[in-house]
Amino acid sequence: MSNKIIELEIPVNRVEGDLDIKIKIKDNKIIDAKSVGTLYRGFENILKGRVPLDSLVITPRVCGICSVAHLLAAAKALDNAYKIIPPPQAVRIRNLSILAESVQSDLRQHYLMYMSDFASDYYKDKEFSAVAKEYYEPFKGTFAIKTLDITKDILKVIALLGGQWPHTSHIVPGGVISQVYAQELLEIHNYISKTQIHLVKEIYTQTLEELCKINSFEALEKNITKYPDSQLAIFTNIAKETNLFHTGKTGYGFISYGCVDNPNEHGKSFIPAGYSDGKTLYPFDESKITEDATYAWFKFDRPLHPFDGLTEVQVKKEKAYTWAKAVRYDAKTVQTGPLAEFLMLEDPLFLDLIEKFGDSTYVRQLARFLRPSRLIGYMLKMTDEALEHIQDPVYIKPTEIVDTQGYGLTTAARGALGHWIKIKDSKIDSYQIISPTTWNGSPKDGNEQAGPWEKALIGLEIQDYDNPIEMGHIIRSFDPCLVCTVHSIDNDKISYKIGYRG
């Protein structure tokens with residue numbers, strides 16, 4: 001048995017059904033992993049030949065979870081192409097919209113998608129089992145129910161600004177479509193404050209200021225001793241019992257396009273753009289992004305910048321195994337998401353955790369768990385500033401350019417999101433989308449570098465082949481959203497469950 005290699009193909013889906021993981025196991029350890037995007041959608045080709053403004057309607061349909069993020073990226077691409085800078089008040093409204101989407105996504109991901117696994121009978125003999133069932137069991141757990149309620153409130157911010165969620169259309173090149181009035185902003189402030197109170201009283205059980213003072217693993221340990229009933233303490237203790245501190249490491253660097261645009265300083269953001277190797281922060285350079293289709297079902301010449309990118313299907317292709325391209329930064333495999341953002345801020349807690357535990361499953365998920373504590377403050381800041389500038393303009397009409405190109409970079413809930421558009425004769429000639437999961441869930445490239453979560457799985461020990469729940473913990477720490485990434489669905493699959501599937 002020790003020399004036998006076992007191959008499994010496992011669906012790891014909770015919201016959409018577009019991700020499978022193919023793994024090879026020897027001596028109960030994963031020795032190879034392939035991230036398989038199973039669905040071709042071809043949004044880039046749908047957009048060809050259309051008028052540029054159609055991108056504002058079509059690209060939010062890429063994903064119902066991140067529709068505001070795609071709308072914003074599309075609008076920013078046209079801002080860039082038409083060489084226009086939106087008014088500061090429009091930037092505040094845009095910020096409020098995408099931050100509301102990110103806060104609700106982080107809370108739902110942690111409690112509905114991630115922690116639910118620990119309520120599984122797989123862990124019935126663990127010390128935390130009873131608490132996990134009480135708090136996180138799907139449709140029944142205390143925090144599962146509370147999360148649905150509180151995230152409905154934060155989404156009302158987007159409804160007030162954009163009329164609906166998902167698939168709003170209020171963000172346009174040049175700003176936003178309509179003025180926001182004081183009464184709406186006061187309602188928005190109320191919903192944000194209500195969410196902040198929930199974070200303070202129900203989740204973190206301490207002030208956000210105290211939470212932000214945690215600057216090392218030692219300080220974290222003291223904090224969870226001081227607040228043993230906090231969700232931070234419970235998650236950390238569960239992570240210790242399930243070895244999340246030591247699994248899921250890639251050793252790869254991190255990328256962020258920047259988060260929360262500065263309304264008063266165009267091109268700057270409160271959470272800066274950059275590349276980090278986990279220790280040192282480097283300036284970000286958009287020109288270093290390339291897509292490699294060596295292992296994707298697309299025609300491939302060489303790694304190409306998105307402005308030159310190809311989305312031409314080639315199904316019968318040797319070695320190919322996914323509809324996702326391998327996106328790289330300066331020829332390096334990198335990951336994106338909340339952990340990258342904390343590293344862009346050179347946050348002392350996460351710098352210390354990276355030094356001690358690497359980019360482990362716990363460290364990655366902890367960043368997502370803590371991010372709402374930061375984002376909620378930016379939301380209150382944007383609301384207060386918007387009230388102060390209530391009469392300021394929110395739109396500047398752009399002068400359309402017949403032949404041009406532009407890119408729009410933003411931060412979605414799962415990390416770096418970019419749109420690249422080329423316009424010829426006033427029509428879309430080329431459009432490329434690189435979502436956060438394209439970074440995190442990428443396949444191998446021409447240099448045989450594995451994608452981030454492919455690498456994160458290597459060496460993982462599997463206890464139960466019928467329910468490899470340990471694998472689910474790692475993949476979900478990246479918060480996968482393959483529907484945004486894959487560009488025929490094969491129903492001939494061997495299905496294995498991973499905890500709760502939904």
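Me: As what does aspartate 330 count, buried or partly exposed?

Reply: Buried means under 20% relative accessible area, exposed means over 50%, and partly exposed is the range in between, with a 1.4 Å probe and protein chains only. At 37% relative accessibility, aspartate 330 counts as partly exposed. Please keep in mind that this is a predicted model, in which local features need pLDDT of at least 70 and side-chain atom pairs count only at pLDDT 80 or more, while totals for chains, interfaces and linings use all residues. Residues are numbered from 1 along each chain as its sequence is written, and side-chain values use heavy atoms, with hydrogens and water left out.

Me: Where is aspartate 330 found, and what is the sign of its phi?

Reply: Helices (H or I, at least four residues) and strands (E, at least two) are DSSP runs, numbered from the N terminus. Aspartate 330 is found in the loop between β12 (326-329) and β13. As for the backbone, most residues other than glycine have a negative phi, and most peptide bonds are trans. Aspartate 330, although not a glycine, has a positive phi of about 55 degrees. Glutamate 448 also has a positive phi, near 65 degrees; its place is in the loop between α14 (436-440) and α15 (452-457), and at 43% relative accessibility it counts as partly exposed. Just after α10, asparagine 243 takes a positive phi of about 65 degrees.

Me: Which peptide bond is cis?

Reply: The bond from tryptophan 165 to proline 166 is cis, with omega near 0 degrees. Proline 166 is placed in the loop between α6 (142-162) and β4 (171-172).

Me: How many residues does the largest nonpolar core have?

Reply: In soluble globular proteins, nonpolar side chains tend to be buried together. A nonpolar core is a set of buried Ala, Val, Leu, Ile, Met, Phe, Trp, Tyr and Cys residues joined through side-chain atoms within 4.5 Å. The largest one here has 108 residues, and Phe350, Leu366 and Met379 have the most contacts inside it. Helix α13 (residues 361-388) provides the largest share of this core, 13 residues. Apart from it lies another core, of 15 residues, including Leu19, Trp453, Leu460 and Ile474.

Me: With which residues is phenylalanine 350 in contact?

Reply: Contact means heavy atoms within 4.5 Å. Leaving aside neighbours within four places in sequence, phenylalanine 350 is in contact with Leu339, Phe342, Leu343, Val363, Leu366, Ala367 and Leu370.

Me: Why is helix α16 described as largely enclosed by the rest of the structure?

Reply: Helix α16 (residues 469-476) is so described because 8 of its 8 residues are buried. Among them are Glu470, His473 and Arg476. Helix α10 (residues 231-241) is mostly covered, with 8 of its 11 residues buried; Leu232, Phe235 and Ile238 are among these.

Me: How is a buried threonine to be read, and what does the side chain of threonine 411 reach?

Reply: One looks for polar contacts, that is, pairs of N or O atoms within 3.5 Å; within protein, one must be able to donate a hydrogen and the other to accept it, and residues adjacent in sequence count only if both atoms are side-chain atoms. Threonine 411 sits in strand β14 and is buried, with a relative accessible area of 4%. Its side chain reaches the backbone oxygen of glycine 258 at 2.6 Å. Threonine 336, in the loop between β13 (334-335) and α11 (338-344), also counts as buried, at 9% relative accessibility. The side chain of threonine 336 reaches the backbone oxygen of isoleucine 255 at 2.9 Å, and a polar atom of that side chain lies 2.9 Å from the backbone nitrogen of alanine 416.

Me: Which element gives the most to the lining of the largest pocket?

Reply: Strand β14 gives the most, with 5 residues. The elements that each supply at least two lining residues are α3 (67-81), α4 (88-114), β7 (259-261) and β14 (404-412).
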